Amino acid sequence: MFTPDVDGVTTPVGETDDDLIQLLTPTGERVHHESYSPRVDHLDRAALEGLYRDMYLVRRFDSEATSLQRHGELGLWPPSLGQEAAQIGSGRAMSSRDYAFPSYRELGVIWTRGVDLRSTLHIFRGEDHGGWDPNAHNCHLYTLVIGSHALHATGYAMGIQRDGDVGTGDPGRDRAAVAYFGDGATAQGDVSEALTFASVNDAPVVFFCQNNQWAISEPTQRQSRVPLYHRGRGFGVPSVRVDGNDVLACHAVTSEALERAKAGGGPTFIEAVTYRMGAHTTSDDPTRYRSRAEEETWRRRDPLDRMRLLLEREGSPSEFFAGLEAEAEQFGAEIREYCHTIAAPPVERIFDDVYATEQSQITRERTWLTEYLAGFEEVAS
Amino acid sequence: MSERAVSDQDRQGDQGQQGGTQRLTLGKAINLGLRRAMERDPKVMLMGEDIGPLGGVFRVTDGLQKDFGSDRVVDTPLAESGIVGTAIGLALAGYRPVCEIQFDGFIFPAYDQITTQLAKMHYRSRGKSQVPVVIRVPYGGGIGAVEHHSESPEALFAHTAGLRVITPATPADAFVMIQQAIACPDPVMFFEPKARYWDKAEVDLTAADELVGGPGAPGDVRATVARPGTDVTLAAYGPSVTTALRAAAAAESEGTSIEVIDLRSISPIDFAAVADSVRRTGRLVVVHEAATFLGAGAEIAARISEECFYHLEAPVLRVGGFHTPYPVAKLEEEYLPNLDRVLHAVDTVMQH
Ligand SMILES: Cc1ncc(C[n+]2csc(CCOP(=O)(O)OP(=O)(O)O)c2C)c(N)n1
């Protein structure tokens with residue numbers, strides 16, 4: 001049961017929550033669930049190791065970026081520490097033809113879309129607003145305005161319907177969209193409107209909400225008096241709550257939701273209960289609003305730890321873990337090196353791509369600035 | 001996102017102290033102004049995202065929830081349309097809500113409520129409904145932030161009749177103007193120059209009380225002469241006032257005397273103050289961070305050309321942002337009206 005806490009202190013959703021889908025406990029034991037277990041039973045040890053590797057490398061990238069920010073190489077960094085299972089589990093459930101609409105903390109998701117994670121450094125180094133080609137990866141750019149992309153995902157899904165790519169029964173053809181957003185985002189009008197549009201249109205879209213307990217300093221209870229997955233139900237959207245630190249459960253519920261969407265069954269709302277273990281961004285000071293004890297409680301539910309325990313139980317050799325560590329070391333070094341090579345863009349970039357075709361106002365201003373700056377060079381030479 | 005190194009605001013400067021002059025940052029001056037307004041009027045309340053225990057991402061509301069309680073300093077859900085829309089309702093019920101929008105680029109979910117409802121409530125009720133809502137917006141660039149955190153949307157609101165749009169440039173003004181805004185019976189868009197939050201200056205904490213109820217205030221914020229001069233008038237507001245003052249100091253060493261006008265209000269604009277100055281100097285350059293295209297400077301240039309045609313020795317020039325989205329942080333120095341660009345415009349008008 002969900003008990004709203006009026007004191008504003010979060011009561012993390014515990015393992016006793018009956019509605020919470022969980023397939024792997026924090027101590028690495030498998031839990032049987034009648035409808036969801038079959039969705040991950042086919043994963044052999046190599047596949048499980050693959051999921052662990054995904055989470056491990058994404059975490060390594062995240063910690064490297066956090067320290068690059070600390071060294072002044074990035075203006076800002078939003079850590080995804082703690083949310084790897086929700087992102088990798090759901091992301092790996094998508095096919096290459098599905099389309100993801102991430103928010104701004106979705107390293108794990110864009111990793112599963114094949115986006116080079118280093119692209120994100122360009123954004124937070126103040127060098128690019130986007131960083132990758134969305135259509136090359138079926139992965140939209142990060143969206144910083146909270147909740148607005150939930151509508152884009154829904155509209156994209158409506159496009160899929162109109163293209164006839166839903167309910168054909170051909171897995172090579174059927175497609176869906178997935179929108180990623182946080183618990184705070186559910187308060188935005190845009191998210192409610194997205195649920196309405198998705199619902200009345202039976203749009204093939206999955207709303208994947210990572211309830212990481214905090215919207216900057218505000219606990220989820222400041223956004224909602226009901227569990228977030230009940231929100232979806234109010235819009236007529238089937239909704240499920242999953243242990244967001246359990247990569248297998250996240251994978252299973254997302255794959256079910258995608259299957260329904262692609263079959264023409266309409267949208268699903270998934271609330272992945274997880275925790276943002278780091279600060280909101282590197283500018284944030286979480287000690288102002290949450291307790292050490294709370295952080296400790298969640299540290300014991302670390303998504304990587306439980307997967308490692310499972311792998312050890314299933315017989316993954318120590319060489320696997322050692323190899324992964326070496327790979328991550330190498331990866332970290334590459335990230336650092338790469339970050340230093342990102343140069344400031346040329347000044348003309350200010351004027352590029354404002355419009356798809358030439359616009360006289362822009363041309364005039366570009367010419368003015370170019371000539372003005374050239375004047376300085378003449379003076380200098 | 002909460003962005004960009006927002007270290008704790010200067011914590012010295014006594015919160016409870018009622019009078020005297022103190023050296024304060026602009027952020028702290030607003031904090032004390034809010035505090036004073038809340039003490040003066042129990043109907044004043046604050047609402048916004050993260051303004052409670054965190055004190056806002058810029059710490060402008062630091063300590064206020066602790067002292068006034070969570071009914072008067074409300075951490076709202078993450079919903080800007082909700083913040084402004086409910087503030088309108090609260091104002092109709094007799095409260096004086098002061099809303100914080102976390103960053104300029106996030107005001108647009110509330111744009112509908114502000115422009116279609118808040119701005120027009122008094123007009124359509126033929127004066128029967130007053131909506132004294134203040135909307136505080138940290139705005140402007142120069143802090144190396146990511147997308148949507150450096151914008152200057154003031155003209156969009158100034159273009160909407162029914163809203164007052166004001167912006168302080170100094171800590172002393174910030175302290176007084178926030179209190180005037182709250183006392184004003186009209187809705188006020190209060191744009192805070194975020195790049196100046198950490199600038200420190202003397203603030204007279206006694207003067208405010210008269211000024212809040214003084215002549216012209218709170219309805220009509222007048223421009224001030226931030227620095228007198230004789231050759232060129234630089235009209236600026238918000239973050240650009242500091243740039244203009246630096247330009248004036250630099251020009252002085254080359255023998256050009258610049259008068260800097262701090263507009264303080266974008267709607268209404270104190271055209272008389274600008275015209276007075278231009279009649280003396282014969283030259284005008286308007287500086288702001290927002291795009292020059294259809295920006296506040298365009299209005300000033302047109303009006304001054306009309307009113308001071310025979311006094312002008314040169315065309316009115318504008319120095320501002322380009323007609324592009326606010327660029328990436330690595331290019332903002334070239335985008336912003338910096339010292340060089342302002343001096344370039346000054347040289348150009350001086351050559352006429
Ligand atoms: C429309 C809008 N308002 C405010 C912000 C500032 N902001 C950035 S992140 C954030 C909290 C988001 O919380 P949540 O949706 O739970 O996502 P999380 O950061 O926890 O992943 C806020 C208020 C924003 N980016 N967009």
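These legends walk you through several close-up views of a predicted model.

**About the numbers.** Residues are numbered from 1 along each chain as its sequence is written, while chains are lettered from A and ligands numbered from 1 in the order in which they are written. Because the model is predicted, local features need pLDDT of at least 70, side-chain atom pairs count only at pLDDT 80 or more, and totals for chains, interfaces and linings use all residues; side-chain values use heavy atoms, with hydrogens and water left out.

**View 1. Strand E3 of chain A sits between two parallel partners in the pairing pattern.** Helices (H or I, at least four residues) and strands (E, at least two) are DSSP runs numbered from the N terminus, and two strands pair if DSSP finds at least two bridges between them. E3(A) covers residues 177-182, and five of its six residues are buried; buried means under 20% relative accessible area, exposed over 50%, and partly exposed in between, with a 1.4 Å probe and protein chains only. Strand E2 (residues 99-101) of chain A pairs with E3(A) in the parallel sense over three bridges, and A:Tyr99 stands opposite A:Ala177. With strand E4 (residues 205-211) of chain A, E3(A) again pairs in the parallel sense, over six bridges; here A:Ala177 stands opposite A:Val205. Follow the chain from E3(A) through helix H7 (residues 189-201) to E4(A) and you trace a right-handed β-α-β unit. Right-handed here means that, with the strands pointing away from the viewer, the path from the first strand over the helix to the second runs clockwise.

**View 2. A:His149 and its surroundings are shown with the residues in contact.** A:His149 belongs to helix H6 (residues 148-162) of chain A and counts as buried, at 1% relative accessibility. Setting aside neighbours within four places in sequence, A:His149 is in contact (heavy atoms within 4.5 Å) with A:Phe101, A:Pro102, A:Ser103, A:Thr143, A:Tyr180 and A:Phe181.

**View 3. Salt bridges appear in both chain A and chain B.** A salt bridge is a side-chain nitrogen of Lys or Arg within 4 Å of a carboxyl oxygen of Asp or Glu, and the count comes to 41 over all chains. In one of them, A:Arg290 meets A:Glu295 at 2.9 Å, N to O, and both residues are buried. A:Asp352 and A:Arg366 meet at 3.4 Å, N to O. A:Asp352 lies in the loop between helix H12 (318-341) and helix H13 (360-380) of chain A and A:Arg366 in helix H13, so this pair ties together parts that are 14 residues apart in sequence. Both ends are partly exposed: A:Asp352 at 34% relative accessibility and A:Arg366 at 23%. Over in chain B, B:Arg164 and B:Asp186 form a salt bridge of 2.9 Å, N to O. That pair links distant parts of the chain, 22 residues apart, with B:Arg164 in strand E6 (residues 164-166) and B:Asp186 in the loop between helix H7 (171-183) and strand E7 (188-193) of chain B.

**View 4. Aromatic rings pair within chain A, and one cluster includes residues of both chains.** Rings of Phe, Tyr and Trp (its six-membered ring) pair if their centres lie within 6.5 Å; planes under 30 degrees apart count as stacked, over 60 as edge-to-face and the rest as tilted. The structure holds 33 aromatic pairs over all chains. The ring centres of A:Tyr52 and A:Phe320 lie 6.3 Å apart with planes at 50 degrees, so this pair is tilted. A:Tyr52 lies in helix H1 (residues 45-70) and A:Phe320 in helix H12 of chain A, so the pair ties together parts that are 268 residues apart in sequence. Both A:Tyr52 and A:Phe320 are buried. A:Tyr372 and A:Phe376 make an edge-to-face pair, 5.1 Å centre to centre and 90 degrees between the planes. These two are four residues apart in helix H13 of chain A, about one helical turn. A:Tyr372 and A:Phe376 also belong to one aromatic cluster with A:Phe351, A:Trp368, B:Phe322, B:Tyr326 and B:Tyr335.

**View 5. Helix H10 of chain B shows its packing partners and a charge over a ring.** Among the buried residues of H10(B) (residues 271-281) are B:Phe271, B:Val274 and B:Val278. The buried residues pack against strand E10 (232-236), strand E11 (258-262), strand E13 (284-291) and helix H11 (296-307) of chain B. The charged end of B:Arg303 sits over the ring of B:Phe271, 4.2 Å from its centre; the rule asks for NZ of Lys or CZ of Arg within 6 Å of the ring centre and within 35 degrees of the ring normal. Just after H10(B), B:Gly282 takes a positive phi of about 80 degrees.
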